[in-house]
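This briefing concerns how two helices pack and which residues form the nonpolar cores. Please consult the sequence and the model alongside the points that follow.

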Amino acid sequence: MNDKEGQIAVQMARQTIDAETKEEDMGVLNAPGSFNEKRGVFVTLSTYPEHNLRGCIGYPEPIFSLAKAILLAAEGACHDPRFPSLKAKELDDIVVEVSVLTPPEEIKIADRKNLPEAVKVGVDGLIMENGPYRGLLLPQVPVEWEWNSVTFLEQTCIKAGLLPDMWLDRSTKVYKFQGEVFAESNPHGPVRRKELV
C-alpha cells in the first residue's frame, strides 16, 4: 500500500467517524480500485495529545473489501464496548489510525519454548486462540509498551482471556500477521505512515 492509499484510508475512516458521531449521512466515499481487495483492517482512536486509547475495532481476517472493512471498523471504533460511545464534541480531540493487515498465518514450531524467536517485535502482530478464547494485539502495541517478544506473547494471552503462559500450551494456536499503519499527526491533520521500529 502506498502513502497516498494510506492517506485515503485514514480520510475514509475519519469521514465515517465524523458522520457516525454526528448521526449524519456519510456522503460519497471515493476509493481507488485497490480498495476492492479483501484485507484485514483495524481502526484505532486515541486522545490527543495524550495518545490514550479511545477505541479500537477491526477485522483481522480478509473477509471484507478494504473499503468496507474501513467503514465497518471506523463505525465500530466509535462504539468500542470498553469505552462510552464517542461523542461529536470529542472529534477535535482524537486522532485516527488505520492498520491494514496481511492475512494471519499460524506459527507452527516444534518446541514452544522457541516461539519468542519466531516473533519480531515491531513487525508482527499476534492472535492467540484456544477454544472460545481469542485475542489480538496489533504490531504497534509491543513497540509502544517496550515489550520483548515473551511479554508480547504473554500479553496477547491475557487479551484473549487466557493465563499469560498459555502460549507454551500446544492446544493454543498462535498466529502472526504484519500491518501497515497510517495515522493523523494531529486531529484532522496530515496523515503519515507510522514506522514501528
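**Helix packing and nonpolar cores**

H1 passes H2 in a right-handed crossing, a term that applies if the near helix is turned clockwise from the far one by less than a right angle. The model is predicted, so local features need pLDDT of at least 70 and side-chain atom pairs count only at pLDDT 80 or more, whereas totals for chains, interfaces and linings use all residues. Residues are numbered from 1 along each chain as its sequence is written, and side-chain values use heavy atoms, with hydrogens and water left out.

**The H1–H2 pair**
- The axes of H1 (residues 3-22) and H2 (residues 66-77) come within 9 Å and cross at roughly 40 degrees.
- H1 is therefore oblique to H2 (neither under 35 degrees, nor over 145, nor 65 to 115).
- H1 makes the contact (heavy atoms within 4.5 Å) through Ala9, Met12, Ala13, Thr16, Ile17 and Glu20, and H2 through Ala67, Ile70, Leu71, Ala74 and Glu75.
- By class, this contact of H1 with H2 comprises 8 nonpolar, 1 polar and 2 charged residues.

**The nonpolar cores**
- The largest nonpolar core (buried nonpolar residues joined through side-chain atoms within 4.5 Å; buried means under 20% relative accessible area) has 25 residues.
- Among the residues with the most contacts inside this core are Ile17, Phe35, Ile70 and Val98.
- H1, strand S1 (40-47), H2 and strand S3 (94-101) each supply at least two residues of this core, and the largest share, 7 residues, comes from H2.
- Apart from this core lies another, of 24 residues, including Leu138, Cys157, Leu162 and Phe177.

How values were computed. Axes fitted to C-alpha atoms, helices over the stretch in contact; angles between N-to-C directions. Helix = DSSP H or I, 4+ residues; strand = E, 2+ residues; numbered from the N terminus. Nonpolar A, V, L, I, M, F, W, Y, C, P; charged D, E, K, R; others polar. Buried < 20%, exposed > 50% of the residue type's maximum accessible area, 1.4 Å probe, protein only.
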